[in-house]
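Student: I am new to this structure and would be grateful for a close look at a single part of it. Please take me through that part in one connected account.

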Amino acid sequence: MFRFSLAIFLTFHLPSVAWAQTLSAFDRIAVPVGSDAREPYLLAMEDGRLSMTWTEASGDGFTVKISFLSNTTWSTPSTVIASPDLFVNWADSPSVAAFSDGTLIAHWLQKSGTSAYAYDVNLAVSQDDGFSWSPPTVPHLDGTMTQHGFVT
């Protein structure tokens, strides 16, 4: 499913990225993910790169990772967050927003209680291309252990 989703995205979105004109319609670019990668999120960045965030199972939890595609080469993935408390589902995947000053803001869902749908949105900021991240911040202040998600 991951490869199919990535192929569909690349088919429709790569033409909008400047360096994509150098690729033929059938070039393959291996992605730097583990065999259990899921929930990919791709972003065409202003600087011409493509960023990808995804999750991978890790021990007793999950890891959110990020990598950048420049020309035809992915950067070594870095970890945004690793935790046994991540809430991972197919409908609300982690993502990243990129700003013109180089700031990256990542979001993911993290369990906040024992109820099946008690989770919070968490945000972290990187000023160094995703190598390090600020401590997470919860942007909502309602104080309830309920469902929070679907960041737009």
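Student: Is D129 buried, partly exposed or exposed?

Tutor: The model is a predicted one. In it, D129 is partly exposed, because its relative accessible area is 29%, and that value lies between the limits of 20% for buried and 50% for exposed. The residue is found in the segment after strand 8. Its backbone deserves attention as well: phi of D129 is near 65°, a positive value in a residue other than glycine.

To see the surroundings of D129, one may turn to L104, which has D129 among its contacts. Leaving out residues up to four places away in sequence, L104 also touches G130 and W133, as well as V96, A97 and A98, and further residues including I66, F68 and A124.

L104 leads in turn to the nonpolar interior. The largest nonpolar core has 14 residues, and L104 is listed with V64, I66, V80, V96, W108 and W133 as those with the most contacts inside it. Strand 3 (61-70), strand 5 (78-83) and strand 7 are the elements that give two or more residues to this core. Another core, of seven residues, lies apart from it; A37, M52, W54 and L69 are among its members. In soluble globular proteins, nonpolar side chains tend to be buried together.

The sheet in this part can now be described. Three strands form an open sheet in the order 6-7-8, with antiparallel pairing. Strand 6 (95-98) and strand 8 (119-126) are the edge strands, each pairing on one side only. On average, neighbouring strands of this sheet are turned by 25° against each other, direction ignored. Between strand 6 and strand 7 (residues 104-111), the antiparallel pairing runs over four bridges; V96 has A106 in strand 7 as its bridge partner.

On the other edge, strand 8 holds N122. N122 counts as buried because its relative accessibility is 8%, which is under the 20% limit. The side chain of N122 reaches the backbone oxygen of D120 at 3.4 Å. Neighbours within four places in sequence aside, N122 is in contact with A106, H107, W108 and Q110, and also with P136, T137 and V138.

Finally, D129 may be set beside E39, which likewise has a positive phi, of about 50°, although it is not a glycine. E39 has its place in strand 1 (residues 38-44). With a relative accessible area of 14%, E39 is buried, whereas D129 is partly exposed.

Methods
Residues numbered from 1 in each chain as written. Predicted model: local features only at pLDDT ≥ 70, side-chain atom pairs only at ≥ 80, totals over all residues. Heavy atoms only, no water. Pairing = 2+ DSSP bridges. Axes fitted to C-alpha atoms, helices over the stretch in contact; angles between N-to-C directions. Buried < 20%, exposed > 50% of the residue type's maximum accessible area, 1.4 Å probe, protein only. Core = buried A, V, L, I, M, F, W, Y, C linked by side-chain atoms within 4.5 Å. Contact = heavy atoms within 4.5 Å. Polar contact = N/O pair within 3.5 Å; in protein donor to acceptor, adjacent residues only side chain to side chain.
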